[in-house]
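The following exercises are intended for a reader who is meeting this structure for the first time. Please attempt each task before reading its solution.

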Amino acid sequence: MIPTLRNLDNLGRILETLKPIRLRLLTSIENEASIPEFLDGVRTTLNLEDLALYFVNPEKQKLGTGSRSGIYRFRREYLASVDIKGSIPGKAVMTAQTVLEPYVAGPVASQELIQPRMELAIPIKIGQEVVGSLDSLIPDGKRLLGYHYAVLELAAVDLAIALTNLRAVKRLKDRLSTDELTGLCNQKHFLERLEIELKRSNRNGSSLGILLFSIDNMAEISELGYSVREKAVRHIAQLLSRKTRATDVLARFGDTEFTLTLGGCDLETSLFVAEKFRKLVSDQSDDDLGPVTVSVGIATYPVHTTDKDELVFLARQAACLARYGGGDQVSTIGSDAMRTMALKAFSAMLNPEHFQTGPQVASDVAARLEALAGEPIFSPVVQQIVESLASAIDAKDRYTKNHSEEATIYAEALGRACELPEKQLELVKMAAKLHDLGKIGVPEQILRKAGPLNDEEWQIMREHPTLGAKILQPIESLAELVPIVQCHHERWNGSGYPAGLKGTQIPLEARLIAVIDSFHAIISERPYKKAMPVSYALDQLRNQAGTNFDPDLIETFCSIVDADGNIRVPEQREFPTLVASSGFQLADERIHPFPEASTMTTRRKPAILLVDDDLNLLNMLEMGLRADYDVVSVFDPKRALEVLEQGNFDVVITDVIMPGLSGFEILRRVKETSELVEVILLTGELPDKVRPAVTALQDGAHDYLIKPVSLLELRATVQKALDKQRQRMENKQRLQELIQRAHTDYLTGLSNRSYFCSQLNLEFERSRRHARSLGCLVFDVDRYKKVNDEYGHGCGDLVLQRLGTLVMKNSRSTDLKCRYGGDEFVLVLPETDEAGSMIFAEKLRCLVGREVYDFADQTLKVTISLGVATFQDKNFHSPEELIHAADAALLSAKREGGNCVRSSGELPSSSLPSLLSAALNEVCLDARPG
């Protein structure tokens, strides 16, 4: 028999004790550690012997142990899991009712006495679903009192709220970390997991292999249509998943790439595993796809590198080598042509004699690089050369170690503050890494000399800009860096070296590097001086503005660096902002209790509604709260409901027992309007006919206070309520960010595929119901694989980002815009017939063709092919049919050479010229200034 609650004294004391942990539990949407803390607090406060939370596992007909607190006197099998049938917590789950029965102990140690105890199990419900059980063991010889039951029942409700929040956030995070097409990890989540794996390998002193799989014949497969292409990607994903260990991380890393970690595998083992995977894919052909093969690249920690990004980079380059070698093979950086090229480039820096000799070393390095320049070099190799040369500079002089890396950070910040174009900014960053390259040719004894240099030594030191330029000159890809490196010691007034250039005769990039180089030299320790404070360095730069340095650059630099050397330039957003179409919401994510936005941020003071039929108490409370809050007092509880509808309040303080309307009714009305408004109940002793205070707390009340009320206690309770409200607002904002990211393609800022498909279903049904047209465009980049192969994946990503921006800028807010996968995009145009869709498609084709893409030191243009299909012009039965028809039209456009628009409809060919003319006219109008 469940005991009744008669006395509030113990209940009030216990709930007051539990307030802090209840608040943390109910306001945390991501911290699972709040659950065991909460259980331990409840068990300790109620003096229970054991308290456990179990979760339902329907497949195994078991209750799994979620968290527990106590001395573990439950049966041994209770420690891991509990059978749903035949156990008290299982009975609570099956019946969805609270169960109180004698606990029958299992075998115990001989010295223990078997005494009867009581076991209480309360079901945990989320909506109508029973998800678990809160199970407690009452101590020997103790009776279950009313307050025990009341607090445990309230705890079960609190846990249900916390579990709901955690579940919803987990679903959103899973979406953020999962590739939509294959169900594998996506690139972002893989890199996060890789960082964890690297730390584990470093801690254990073990190896870590990285495999990168690149599908070989995707160009041919893509010609069969996008659905066939997707089938090929899913096919490879399933094959790789079948043989992947549970401890390894498999991810879709790019459109046609997969990555796999191999924990504890050295280079030899990684080669063996890679060959097994390669053969698995080669042997398992698909009837519809024909033969599909992969090229596999390998990089291992710590043999190749200890850096996370570089590890993936090297594996990707090894896969490129395998693909260029004919495909369907395994390659590694350490065993192919790239190793030969790297040795040719860097062997001159590995010889110990170079740390003792002079300028002839620079000539030696330059000669080796000149030999390398005649061979075919992939752009990533050039990047490796830059990084290796920068490392060689830092290795040469321990006093300037990390100088190039830190100078690059400041140089990029100053370049961005000056709004340099991306291409120029890339030059500045590379120049910052390599500006002191010529010091490779400066003898060690000069670099590390503690005193001032003599004339002969100074002359050698002044040669390092020229030596650096000489080293870079043979590398065609780095030709634009030569004048920057050569001129970084020129001065604004012409007093610099080696050429004595003046003012704007000095390249802008070199003037920028000069500022950064001098600033970092002042704040760094050198053999001949101590490090100086940042404020001193900034003062020195200001004093030399217009003499040694470009005054405009000095002014800009001093404005972005604070007294601690921190950069004040805002960080770039990792994810583009999603501009959602109308009706943006996530109907299936239920977070309790996140209500509408509070008005707290728009008022100077929080607003409080006081409701009490005791005029003296009402006036006293109003006077006590008025200094810090906007207070509205209401004597009549029915009038309070009208006031609630007219105003926005943050906290409602109401008496429980009033004539005509109880405080419980006001609580219910408040929560129907907004869960965010906090309600505090004021009560004396409650008669049996009034619901217990614990029920009010279960219904959403923040707290209750016993009359007579202390103003200090009331003010403290109000402040806690406002803190709780603020935390909920922050949680809601965090949730909205998660939802937005879960719906957004991280690269382009457009909708991702899963969100797009859900919105397309709604739009399709709306068009069918109202017999309206619905246009669909499917387009992709012509020869996109060639862009990735010749210019690198970074350039390919830039193209997709710019396409996303272009689509967003030139479409309506009601249009659905999606990166469907890889380089394929889908747009859905409500209320648009075939003619209108063709005009929009042709306009978009012209706009894309007009774009110029600057990447590193290269410039390129791309074109797109588009397929159009419209609902109502053809009677499609499903959204999938509509997209399939547009995709078929796209395939037709690709077969005709690309850079054109084709429709699945029956638009008369005679009308095409006028449509294209209209589209071109729109583009020309958009291009006019003003």
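**Exercise 1. The chain as a whole**

Among contacts in the chain between residues at least 6 apart in sequence, what percentage join residues at least 24 apart? Describe also the secondary structure, the burial and the surface of the chain.

*Solution.* The model is a predicted one.
Step 1. Of the contacts between residues at least 6 apart in sequence, 68% link residues at least 24 apart.
Step 2. The secondary structure consists of 32 helices and 23 strands.
Step 3. The chain has 930 residues, and 52% of them are buried.
Step 4. The exposed surface of the chain comes to about 42600 Å², with 50% of that area supplied by carbon and sulfur atoms.

**Exercise 2. The packing of H13 and H14**

Determine how helices H13 and H14 are oriented to each other, and which residues make the contact.

*Solution.* Two packed helices are described by the angle between their axes and by the distance between those axes.
Step 1. Helix H13 spans residues 403–417 and helix H14 spans residues 422–434. Their axes come within 8 Å and cross at roughly 155°.
Step 2. Angles over 145 degrees count as roughly antiparallel, so H13 is roughly antiparallel to H14.
Step 3. The crossing of H13 past H14 is right-handed.
Step 4. H13 contributes Ser404, Ala407, Thr408, Ala411, Glu412, Gly415 and Arg416 to the contact. From H14 come Glu422, Leu425, Val428, Lys429, Ala432 and Lys433.
Step 5. Sorted by class, the residues of the contact of H13 with H14 are five nonpolar, three polar and five charged.

**Exercise 3. The packing of H19 and H21**

Carry out the analysis for helices H19 and H21, beginning with angle and distance.

*Solution.*
Step 1. H19 covers residues 508–523 and H21 covers residues 551–560. The angle between them is about 50°, and their axes lie 10 Å apart.
Step 2. H19 and H21 are therefore oblique to each other.
Step 3. H19 passes H21 in a crossing that is right-handed.
Step 4. On the H19 side, Leu508, Arg511, Leu512, Val515, Ile516 and Phe519 take part; they meet Leu553, Ile554 and Phe557 of H21.
Step 5. The contact of H19 with H21 comprises eight nonpolar residues, no polar residues and one charged residue.

**Exercise 4. Backbone features in loops**

Locate the cis peptide bonds before Pro302 and Pro498. Then decide whether Ala96 and Ala771, which have a positive phi, are buried, partly exposed or exposed.

*Solution.* Most peptide bonds are trans, and most residues other than glycine have a negative phi.
Step 1. The bond from Tyr301 to Pro302 is cis, with omega near 5°. Pro302 belongs to the loop between strand E10 (294–301) and helix H9 (308–324).
Step 2. The bond from Tyr497 to Pro498 is also cis, with omega near 15°. Pro498 is in the loop between helix H18 (482–487) and H19.
Step 3. Ala96 is not a glycine, yet its phi is positive, at about 60°. Ala96 is placed in the loop between helix H3 (88–95) and strand E4 (99–103).
Step 4. Ala96 has a relative accessibility of 22% and so counts as partly exposed.
Step 5. Ala771, likewise not a glycine, has a positive phi of about 55°. The loop that holds Ala771 runs between helix H27 (753–770) and strand E17 (774–781).
Step 6. Exposed means over 50% relative accessible area; Ala771, at 55%, is therefore exposed.

Terms used
Residues are numbered from 1 along each chain as its sequence is written. This is a predicted model: local features need pLDDT of at least 70, side-chain atom pairs count only at pLDDT 80 or more; totals for chains, interfaces and linings use all residues. Side-chain values use heavy atoms; hydrogens and water are left out. Axes are lines fitted to C-alpha atoms, for helices over the stretch in contact, and angles run from 0 to 180 degrees between N-to-C directions. Helices (H or I, at least four residues) and strands (E, at least two) are DSSP runs, numbered from the N terminus. Angles under 35 degrees count as roughly parallel, over 145 as roughly antiparallel, 65 to 115 as roughly perpendicular and the rest as oblique. A crossing is left-handed if the near helix is turned anticlockwise from the far one by less than a right angle, and right-handed if clockwise. Contact means heavy atoms within 4.5 Å. Ala, Val, Leu, Ile, Met, Phe, Trp, Tyr, Cys and Pro count as nonpolar, Asp, Glu, Lys and Arg as charged, and the others, Gly among them, as polar. Buried means under 20% relative accessible area, exposed over 50%, partly exposed in between (1.4 Å probe, protein chains only). Accessible areas come from the Shrake-Rupley method with a 1.4 Å probe; for residues, only the protein chains shown count as cover.
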